[in-house]
Amino acid sequence: TIQSLFISEPVNNASNESVRDWLTVLERVRPSGLHVYTVSRDTADPRVRPVSAQCLLEIAHRACEETDLSIVNRVADTFVELI
């Protein structure tokens with residue numbers, strides 16, 4: 001199972017280009033599970049900001065399209081599990 005954290009600031013690893021690169025790696029690794037999440041509490045760096053729940057779901061859906069995984073559990077606005 002791969003765990004992937006997405007944030008919007010101070011860097012945005014949820015941009016189309018970053019997610020496309022991440023999906024390329026997922027295709028090679030072919031994980032049996034995937035946890036896609038964002039920060040849900042204060043971090044050591046106060047500049048770190050979560051991505052929106054909508055953005056997280058869009059990333060999860062893109063992962064489903066590129067892998068054999070399906071969304072099985074949306075735990076909260078900050079966490080989606082795929083298997």
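These legends accompany several close-up views of a predicted model.

**View 1. Four strands make up an open sheet with mixed pairing.** Reading across the sheet, the strand order is 1-3-6-5. Strand 1 (2-5) and strand 5 (71-76) sit at the edges, each pairing on one side only. From one strand to the next, the twist averages 15°. Take a moment to follow the order across the view before moving to the pairs below.

**View 2. Strand 3 and strand 6 run antiparallel and are joined by four bridges.** A good place to start is Leu 34, which stands opposite Leu 82 in strand 6. Helix 2 packs on the sheet, where it touches strand 3, strand 5 and strand 6. The direction of helix 2 makes about 10° with that of strand 6.

**View 3. Strand 5 and strand 6 form a hairpin.** Two residues lie between the two strands. The strands run antiparallel, with four bridges joining them. One pair to look for is Ala 76 and its bridge partner in strand 6, Phe 79.

**View 4. The largest nonpolar core brings together 18 residues.** Phe 6, Trp 22, Leu 34, Val 36, Ile 59, Ala 63 and Leu 82 have the most contacts inside this core. Two or more residues come from each of helix 1, strand 3, helix 2 (53-66) and strand 6 (79-82). Helix 2 is the leading contributor, giving six residues. As a general backdrop, nonpolar side chains in soluble globular proteins tend to be buried together.

**View 5. Leu 82 is shown with the residues it touches.** Leaving aside residues up to four places away in sequence, Leu 82 touches Gly 33, Leu 34 and Val 36, along with Ala 60, Ala 63 and Cys 64. Its other contacts are Leu 69, Ser 70, Ile 71 and Val 72. Leu 34 may look familiar here, as it also stands opposite Leu 82 in the strand pairing.

**View 6. A cis peptide bond joins Glu 9 and Pro 10.** Omega is about 0° at this bond. Pro 10 is found in the loop between strand 2 (7-9) and helix 1 (16-29). For context, most peptide bonds are trans.

**View 7. Arg 30 has a positive phi of about 55°.** Arg 30 is not a glycine, and most residues other than glycine have a negative phi. You will find Arg 30 in the loop between helix 1 and strand 3 (34-37). Arg 30 counts as exposed because its relative accessibility is 60%, and the cut-off for exposed is over 50%.

Technical notes. Residues numbered from 1 in each chain as written. Predicted model: local features only at pLDDT ≥ 70, side-chain atom pairs only at ≥ 80, totals over all residues. Heavy atoms only, no water. Buried < 20%, exposed > 50% of the residue type's maximum accessible area, 1.4 Å probe, protein only. Core = buried A, V, L, I, M, F, W, Y, C linked by side-chain atoms within 4.5 Å. Contact = heavy atoms within 4.5 Å. Pairing = 2+ DSSP bridges. Axes fitted to C-alpha atoms, helices over the stretch in contact; angles between N-to-C directions.
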